[in-house]
Amino acid sequence: MRVNEKFQALNGSITDPRTRRYLAPKRVVLTEGNVNHPEALLQERSNQITLVPGASCTMINKPGEPHAKLVLDYGCEFPGSIRLMIWSAGSKGCGDDARCNIIVRTGESVMEAITPIKVKNTTNDHAIRDRVMNVGFYSANETNESGQRFVCVELIDDDAVVSFKAIQGVFHYLDLDYKGSFSCSDEKLTRIWNTAAYTAHVNMQEYLWDGIKRDRLVWIGDMHTEVNTILATFGYNDIVPRSLDVVRDETPVGAWMNGISAYSIWWLLIHCDWYRAFGDKAYLEEQRDYLRGLMALLATFVDEDGGETLPEGRLLDWPTNDDPVAKHVGFQGLLKLALDNGAYLLRELGEDETAALCEASAERMKGHKPEPTAAKQANSFMVLAGLADPKEVNEKVLVPGGGHGYSTFMGYYILAAKAAAGDHAGALRDMKEYWGGMLDMGATTFWEDFDLDWMKNAGRIDEVVPEGMVDIHGDYGNYCYIKFRHSLCHGWASGPCPYLSNYVLGVKNLAPGKYEVKPDLAWLDWAKGSYPTPKGEIKVWAHKDQNGETVVEIEAPQGIEIVR
């Protein structure tokens, strides 16, 4: 008999699928005041407080002297909490009731961790990052969950001492096998794939979130890139249907998911990708009524001239948010994709009447020519929807400026549009410049937004920014992500992972059980990796021979059709 059966008060039906792993910090960034033996905190220690103290870090405050403070670096951004293990604590003596007060600030950058609350838009919304903890001896004291890489710990009582056994990071994550993989002759591109995959992975919490510090919510539009990253890295995981369903169930047809009209479109596109990957007709059947109602509604947002007329909540991405022309161009392509893919799913369900309605609206959209825009993301959707010539768009819009003009959310679609034009080499160069730029600034996960111009005279996120230099985290941002509210771990930024798997390894899911494998190495010497399918992993090894010709070796599981 399990404990929840034996004690009925404990019979809640919801469980947490995540694992906890305890992390020792990798580096002491700085200390101030009287901090003794901070290096003791870098040791990996047991999770149990014991009566016999071992090597410890001690903080001491005396009246009139600077407060003791230290900043620790865990080496990689992670979701979870911080755990203070205290051997002794006191203020003016150490009796049994002696306690002291400590400020614990977490940050995705060093500068965020050392910046007090309400300065440069540091906030405690979504997840508290700045709190006072009252601690006593022989105790383990844990913060709430957030997303962080750095922690600043400050003893704030004017006459006090505290001795730490450990200051642990508590990593909360789904313990998953990386069934997909990618490596190539360019080390930075390999690192970009790994960072992108990890960025999506850590947002796979109890549901699929967009950010582990801020936006710890199921944002359906943001999920599309994340789901394609999951497909390329982990294969099936029930966090995807659970997240799709929780937003569907709170959004009746006629309202818009997350209050954004385009996000209901993204819900549809995710379902299409999910169905092609797994062919789960029973799960698709569960969407029948909602899908039929949504598609009938979307088909009405095409005017007589074929132009899209999507209503309120018109978010394409942050860089185009104040550009109505760019948004119209982008939504023209996005709605066309929705009508095409929605019709496909409706035909699979035998909903031929609504499918025909969608197909008629999609056909009408071909006659509309939006006003020109220089926005790369908007034009990319026109290419992917078959409404614009890929080579012309690439030459006139996507090539100029290289990685300038990209956005983290829309990056995958820009890269895919360049691939459609045959510019695989340009896509890889832009990827190295743009996502590689974040790595050059110290990133271990990819960000909510990024502009290459931000790098000018900017300090790295893993150091105290020197006087006279720009704080790339605390000095930039817009809309809801101004300054330190900016998330430096956002799942929508994981686009390089599926791009490298889909276009360099060349593995694309055409239909349930059917995959195209056509690698394109561009200027790479070799690339190899694996791609999960319901039957096992497709393994690809592509390399150039002595004549510069690409040689491709493929291993595919039984029951998977390969198109070469």
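# Exercises on a predicted structure

Strands 6 and 7, the latter covering residues 130-136, pair in the antiparallel sense over seven bridges. The model is a predicted one, and the exercises below begin with this pairing.

**Exercise 1. Determine which residues are the bridge partners of I102 in strand 7 and in strand 9.**

Step 1. Strand 6 comprises residues 99-107, and strand 7 is its antiparallel partner over seven bridges. On this side, I102 has M133 as its bridge partner.

Step 2. Strand 6 also pairs with strand 9 (residues 146-155), again in the antiparallel sense, through six bridges. In strand 9, the residue bridged to I102 is L155.

Step 3. The covering of strand 6 may then be stated: seven of its nine residues are buried, so the strand is mostly covered.

**Exercise 2. Compare the expected span of helix 9 with the distance between its end C-alpha atoms.**

Step 1. Helix 9 runs over residues 324-348, which gives 25 residues.

Step 2. The expected span is 1.5 Å times one less than the number of residues, so helix 9 should span 36 Å.

Step 3. In the model the end C-alpha atoms are 35 Å apart, which agrees with the expected span.

Step 4. As to its surroundings, helix 9 is mostly covered, with 19 of its 25 residues buried. The helix is followed by G350, whose phi is positive, near 80°.

**Exercise 3. Classify the aromatic pair of Y236 and W274 and state which parts of the chain the pair ties together.**

Step 1. The structure holds 30 aromatic pairs. In the pair of Y236 and W274, the ring centres are 5.4 Å apart and the planes stand at 40°.

Step 2. Planes under 30 degrees apart count as stacked and over 60 as edge-to-face; the pair is therefore tilted at its angle of 40°.

Step 3. Y236 belongs to the loop between helix 4 (220-233) and helix 5 (239-249), while W274 belongs to helix 6 (residues 261-278), so the pair ties together parts that are 38 residues apart in sequence.

Step 4. Y236 counts as partly exposed because its relative accessibility is 44%. W274, at 3%, counts as buried.

Step 5. A pair with another geometry is that of Y434 and W435, which is edge-to-face, with 5.0 Å from centre to centre and 85° between the planes. Both Y434 and W435 are buried. They belong to one aromatic cluster together with Y406, W447, F450, W454 and Y476.

**Exercise 4. Establish whether R18 is buried or exposed, and identify the side chains with which its own side chain makes polar contacts.**

Step 1. R18 is located in the loop between helix 1 (3-6) and strand 1 (19-23).

Step 2. Its relative accessibility is 13%, and R18 therefore counts as buried.

Step 3. The side chain of R18 is joined to that of E145 by a polar contact of 2.8 Å. A polar contact of 2.7 Å links the side chains of R18 and Q205.

Step 4. Leaving aside residues up to four places away in sequence, R18 touches E145, H172, Y173, L174, Q205 and E206.

**Exercise 5. Find the rings over which R242 and K528 lie.**

Step 1. The charged end of R242 sits over the ring of Y207, at 5.4 Å from the ring centre.

Step 2. K528 lies over the face of W541, 5.9 Å from the centre of the ring.

Terms used: Residues are numbered from 1 along each chain as its sequence is written. This is a predicted model: local features need pLDDT of at least 70, side-chain atom pairs count only at pLDDT 80 or more; totals for chains, interfaces and linings use all residues. Side-chain values use heavy atoms; hydrogens and water are left out. Buried means under 20% relative accessible area, exposed over 50%, partly exposed in between (1.4 Å probe, protein chains only). Helices (H or I, at least four residues) and strands (E, at least two) are DSSP runs, numbered from the N terminus. Two strands pair if DSSP finds at least two bridges between them. Rings of Phe, Tyr and Trp (its six-membered ring) pair if their centres lie within 6.5 Å; planes under 30 degrees apart count as stacked, over 60 as edge-to-face and the rest as tilted. A charge sits over a ring if NZ of Lys or CZ of Arg is within 6 Å of the ring centre and within 35 degrees of the ring normal. A polar contact is a pair of N or O atoms within 3.5 Å; within protein, one must be able to donate a hydrogen and the other to accept it, and residues adjacent in sequence count only if both atoms are side-chain atoms. Contact means heavy atoms within 4.5 Å.
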